[in-house]
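Please consider the structure below with attention to its hollow spaces and its surface. The paragraphs that follow take these in turn.

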Amino acid sequence: MVAQEFTVDLNKPLVFQVGHLREAYQEWVHQPIVSKEGPRFFANDLLEFLTRTVWWAVPVIWLPVVGWCLTKSIQMGNTPPQLALMVVTGIFLWTLIEYTLHRFLFHIKTESYWGNTVHYLLHGCHHKHPMDGLRLVFPPAATAILCVPFWNLVKLIATPSTTPALFGGGLFGYVMYDCTHYYLHHGQPSKDPAKNLKRYHLNHHFRIQNKGFGITSSLWDIVFGTLPPTRSSSQSG
């Protein structure tokens, strides 16, 4: 007797199905369905609601927090030039975090039921349904939870007066990342660098999904050797 392979029913809530794919999950999740209509994740309406986020919620919620962080650093005696330097440093650190999370966490290989389930919620759903506009940016509740360890990390490497500005710069980098990510999927840039960045990111989705992990830039792909080959060098004719 040969066990029949599990098949996902796209007309039913997906989250608790995908784990049953086991070792076949990685192949399934990297075969994108290009539709602006997103699938249902949960049968429970509240859980389903929590998985959907409009893109503009990201700047509306988090830019005031960035402003609060910068105000705190000014109140602690930092000058505007010092503040600007810390914000730029925070943004730079975010680009490395962005790359690291995308490459090593979002693209981790899973086979177990719960491993597949968590991965699908975290990032797999985006590769399976890359044009789902309500699941492109990170839900604010999840971002708030992740802010706690990142705040503590900044506290370890910075002084009390520079911690708020560095964290605020990193948070601003995150806001730029999520808004940029949404635009790369749903915007229609006509000029570089945005046009090239869109081509670069869609290449990650539809051609070479194990390279091109940068979203806001290809800097760390260049540094760490994960820059995808150009189409002209990878295809003939």
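In this predicted model, 46 residues line the largest pocket, and those lying nearest its centre are Phe 138, Pro 139, Ala 142, Thr 143 and Leu 146. The space within the largest pocket amounts to about 1100 Å³. Several helices take part in its lining: helix H3 (45-50), H5, helix H6 (113-128), H7 and helix H8 (163-186) each contribute at least two residues. H7 gives the largest share, with eleven residues. By chemical class, the lining of the largest pocket consists of 33 nonpolar, nine polar and four charged residues.

The second largest pocket holds about 250 Å³ of space. Twelve residues line this second pocket, and Tyr 200, Asn 203, Pro 228, Pro 229 and Thr 230 are the closest to its centre. Here the largest share of the lining, six residues, is supplied by helix H9 (residues 194-206). The lining of the second largest pocket divides into six nonpolar, three polar and three charged residues.

Enclosed space may be considered next. The structure contains one cavity of 30 Å³ or more, and the space in the largest cavity is about 30 Å³. Its lining is formed by His 102, His 123, His 126, His 127, Tyr 177, His 181, His 201, His 204, His 205 and Ile 215. H6, H8 and H9 are the elements that give two or more residues to this lining. In terms of class, the residues around the largest cavity comprise eight polar, two nonpolar and no charged ones.

The surface remains to be described. Phe 92, Leu 93, Leu 153, Leu 156, Ile 157, Leu 219, Val 223 and Phe 224 together make a nonpolar surface patch of about 780 Å². At least two residues of this patch come from each of helix H5 (80-105), helix H7 (140-157) and helix H10 (219-224). H5 and H7 are thus elements that also supply at least two residues each to the lining of the largest pocket.

Leu 93 may serve as an example from the patch. Leu 93 is located in helix H5. Is this residue buried, partly exposed or exposed? Leu 93 counts as partly exposed because its relative accessible area is 36%, a value that lies between the 20% limit for buried residues and the 50% limit for exposed ones. Membership of a patch requires over 30% relative accessible area, and Leu 93, at 36%, is one of the residues that make the nonpolar patch.

Methods: Residues numbered from 1 in each chain as written. Predicted model: local features only at pLDDT ≥ 70, side-chain atom pairs only at ≥ 80, totals over all residues. Heavy atoms only, no water. Patch = residues over 30% accessible without salt bridge, like charges linked within 9 Å, V, L, I, M, F, W, Y side chains within 5 Å. Areas by Shrake-Rupley, 256 points an atom, 1.4 Å probe, with all protein chains shown as cover. Salt bridge = Lys/Arg side-chain N within 4 Å of Asp/Glu carboxyl O. Helix = DSSP H or I, 4+ residues; strand = E, 2+ residues; numbered from the N terminus. Buried < 20%, exposed > 50% of the residue type's maximum accessible area, 1.4 Å probe, protein only. 1 Å grid on protein atoms, 1.4 Å probe; cavity = no way out; pocket = protein on both sides within 12 Å on 5 of 7 lines; lining within 4 Å. Points joined across faces, edges and corners; volume = space filled by probe spheres on them. Nonpolar A, V, L, I, M, F, W, Y, C, P; charged D, E, K, R; others polar.
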